[in-house]
Every structure is written in C-alpha cells, then in structure tokens.
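I am opening a notebook on a structure that is new to me, and I will write down what I look up in the order in which I look it up.

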Amino acid sequence: MKKVAIVILNWNGKEMLRTFLPSVVACSQEEATVYVADNASTDGSMELLEKEFPEVKRIQLSHNWGFAEGYNRAFKEIEADYYLLLNSDVEVTPHWLTPLIGYLEQHPEVAACQPKLLAYQDKGAFEYAGASGGFLDKYGYPFCRGRIFDSVERDEGQYDEPIEILWATGAALMIKAKDYWDAGGMDERFFAHNEEIDLCWRLRIRGRKIVCLPESRVYHVGGGTLPKANPMKTFLNFRNNLTMLYKCLPAEDLKPVMRWRWVLDYLASWEMLILKRNVGDFMAVYRARKAFKRWRKDFEADRKAIQASAVTKKIPERRDFALLWQYYVKGKKTFRQLP
C-alpha cells in the first residue's frame with residue numbers, strides 16, 4: 001500500500017479525465033495510488049477509465065453525492081496515510097508530490113497542505129480557486145495570496161515562500177487521513193462549496209496547522225462543474241459560508257459578525273440586481289439566507305462540539321480587517337497591500 005491516495009471525484013467529466021488524467025498518472029504513480037471516485041456519471045466516464053486508464057483504481061458511487069459526501073464515501077473505501085483531493089481539471093507537474101509528502105512527514109503539527117495553483121489557460125497567472133494559499137477576513141470572506149475577489153495577480157514569484165494559511169483549496173488538497181477523520185471529515189450537508197474551508201477552519205480550531213507549499217505547482221482550469229456566474233453556485237456559497245461562520249466563530253464574534261453579514265449580504269444582492277442586472281444571483285442570495293435560517297438549528301450540536309475542541313480562540317490566518325473596505329474603499333487589490 002502506498003502512503004498517498006490521490007482521489008479525483010468525477011461527475012460527468014469524461015473529457016476532463018481524458019485531458020488531465022495523463023499528467024496525474026505520469027507524474028504521480030511512483031509516490032501515490034490514483035483513484036477516480038465517480039458520482040454516478042452518465043457520460044461514459046467509467047468506461048473511458050476501464051479502456052484508456054486501466055492503472056487507475058475506480059470507486060463507483062451509487063448517485064451524485066456532491067463534493068463533500070462524495071469524498072467522505074470514497075475515503076471510507078481507501079486505506080492510506082494521506083489523502084489528496086484533486087479536481088478533474090488539474091494538470092500536475094513532475095515531482096509535484098515530493099515537497100507535499102516531505103513537509104507533512106517532517107512536521108507532525110501540520111494536518112494539510114496545498115501546492116501553488118496557477119491558471120491552466122494562462123500559466124503565468126494565479127488561479128482563482130486557491131492561488132498560493134487561503135485566508136479569511138473578520139466577516140468570513142475568503143481570499144488568497146494572489147487573488148482577492150475577482151482580482152487575480154500574475155505569478156512573479158512574490159508568493160513562493162511556504163506559509164501557514166487558514167484554508168487549502170479543495171482543488172488540490174493533501175491531508176493526513178487521521179486528521180481528516182478526527183475532525184469529522186467534510187460536512188456532507190454542504191453538498192458543494194466552502195466545505196474545504198469549513199474543514200480546514202475546524203482543524204485550525206483544534207490547533208492543527210495548514211500550509212501552502214509553492215515549490216509544488218499545478219495548473220487548474222476552474223469552474224468545471226458549475227460556471228462562476230451560476231445562481232446555484234451563488235446560493236451554495238452564501239448558505240454554506242453563513243453556516244460555516246455559525247459553526248466556527250468564537251462566541252464573542254458570532255453576533256456582531258452575523259449582524260454585519262445580514263447587512264452586507266443584502267447589499268451584495270442589490271448590487272447584483274442593479275449594477276449587474278443578474279436576477280438569478282439576486283434571488284439566490286435571498287434563498288440562501290432563508291435556507292440558512294431554516295437549518296441553523298440543525299448545527300447547534302456541531303457548534304458546541306467545535307467550540308469545545310478549541311485550543312485557541314485567536315487564529316491569525318483569520319485576519320482582523322474587513323476585506324470589502326480594504327478592496328473597494330481603500331483600493332487594495334493584492335495580498336501584499338493588505339494590513
């Protein structure tokens with residue numbers, strides 16, 4: 001048994017597998033076992049694997065469980081010291097696993113890590129989903145070294161040092177299996193979006209560390225399942241982000257942050273309607289807030305357990321500033337300009 005299990009969760013991604021799986025197999029086989037866990041695809045994905053990639057192990061799931069539950073179910077069928085969640089639209093590079101494995105083996109306090117993500121379409125630029133490591137502002141807005149909101153930087157080596165981060169992107173996330181299950185895995189109720197941030201935040205609350213290791217480099221297409229401008233994606237992002245905040249915020253921050261988010265979310269929805277004329281996203285924000293209000297009570301026990309597991313209330317990677325203010329009012333568009 002190899003220490004590392006690379007698991008690609010697939011749903012009707014036959015052409016992505018055909019395009020990107022060759023690099024994963026060629027650059028990873030010596031150090032890892034490659035799996036494709038299939039969320040009941042109907043496009044011939046499994047037939048493609050059997051015919052063109054017989055060396056890749058296959059896990060057939062009964063139907064589309066989404067990102068979070070799909071991975072949880074797949075990992076239960078795998079024995080490995082390290083899991084590596086990898087999107088089906090990622091091109092990897094030679095020796096990309098070596099620094100990730102080495103760092104986790106040498107640092108017992110670290111639970112998870114990610115490589116540097118660059119854009120597949122423009123390999124000199126960071127990729128939106130994870131860039132060079134993820135953080136949160138005080139109100140729960142995620143940002144990265146190399147990407148703040150829609151401002152994506154060119155990669156000029158400015159973020160090439162390893163750094164402790166709050167969250168590692170689910171597009172290419174390596175995590176110790178023990179830490180994954182000690183934290184309870186990903187929250188299956190999320191279905192998709194924010195689940196890896198939620199998992200990493202829970203690990204940080206428990207005193208475990210997350211790092212970005214830019215020595216490892218991959219190229220990501222992004223938006224392969226749901227395009228960026230999609231009301232369902234907007235709904236899931238807002239609902240799940242609010243739920244994550246409810247679960248993970250310390251008691252003294254919960255009420256003030258949630259009050260501000262009530263204001264900021266509705267301002268965002270009207271900006272979507274008036275400036276972008278996007279009725280679908282406008283309605284998605286309203287539906288997301290209603291959905292969060294309806295199911296918040298279902299997470300009371302989770303919140304109590306998470307807060308009881310805390311070894312520290314102050315997590316430095318959750319930055320103590322308002323990202324919206326820094327970005328839109330003060331004009332700070334890059335990570336290095338932030339406080």
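**Aromatic pairs**

I began with the rings and found that the structure, which is a predicted model, holds 24 aromatic pairs. I then looked at one of them, Phe282 with Tyr286, and noted a tilted arrangement with 5.1 Å from centre to centre and 50° between the planes. Both residues belong to helix H9, which covers residues 279-295, and they sit 4 residues apart, about one turn of the helix. I recalled that an α-helix has 3.6 residues a turn, so residues three or four places apart point the same way. Are the two partners buried or exposed? Phe282 has 10% relative accessibility and therefore counts as buried, the limit being under 20%, whereas Tyr286, at 24%, counts as partly exposed.

I also wrote down a cluster in which ring pairs link Phe67, Tyr71, Phe75, Tyr83, Tyr180 and Trp181.

**Helix H3**

Some names in that cluster led me to helix H3, residues 66-75, and I asked how many of its 10 residues are buried. The count is 9, which makes the helix mostly covered; among the buried residues of H3 I listed Phe67, Tyr71 and Phe75 from the ring cluster, along with Gly66, Ala68, Glu69, Gly70, Asn72 and Ala74. What do these buried residues pack against? I found strands E1 (4-10), E2 (32-38), E3 (57-60) and E4 (82-86), together with helices H5 (177-182) and H6 (195-205).

**Two positive phi values**

Next I turned to the backbone, keeping in mind that most residues other than glycine have a negative phi. Phe191 has a phi near 70°, a positive value in a residue that is not glycine, and I located Phe191 in the loop between H5 and H6. With a relative accessible area of 36%, Phe191 is partly exposed. Arg277 likewise is not a glycine and has a positive phi, of about 50°; I placed Arg277 in the loop between helix H8 (251-274) and H9. The relative accessible area of Arg277 is 72%, and Arg277 is therefore exposed, the limit being over 50%.

**A buried lysine**

I then looked up Lys247, which is found in helix H7, residues 231-248. Lys247 has a relative accessible area of 1% and is therefore buried. Which residues does Lys247 touch, not counting those up to four places away in sequence? I wrote down Asp187, Phe190, Asp198, Arg202, Phe299, Asp302, Arg303, Ile306 and Gln307.

**The whole chain**

Last, I stepped back to the protein chain, which has 11 helices and 13 strands. Its C-alpha trace spans about 55 × 40 × 40 Å along the principal axes. For 339 residues, a compact globule would have a radius of gyration near 20 Å, and the 19 Å of this chain agrees with that. I noted that 56% of the 339 residues count as buried, and that, among contacts between residues at least 6 apart in sequence, 75% join residues at least 24 apart. The accessible surface comes to about 15,100 Å², of which 53% belongs to carbon and sulfur atoms. For the charges, I entered 50 positive and 45 negative side chains, with the centres of the two sets 8 Å apart.

Conventions
Residues numbered from 1 in each chain as written. Predicted model: local features only at pLDDT ≥ 70, side-chain atom pairs only at ≥ 80, totals over all residues. Heavy atoms only, no water. Rg over C-alpha atoms; globule rule 2.2 N^0.38 Å. Buried < 20%, exposed > 50% of the residue type's maximum accessible area, 1.4 Å probe, protein only. Contact = heavy atoms within 4.5 Å. Areas by Shrake-Rupley, 256 points an atom, 1.4 Å probe, with all protein chains shown as cover. Lys, Arg positive; Asp, Glu negative; His and termini not counted. Charge placed at Lys NZ, Arg CZ, Asp CG, Glu CD. Phe/Tyr/Trp six-rings, centres within 6.5 Å; stacked < 30°, edge-to-face > 60°.
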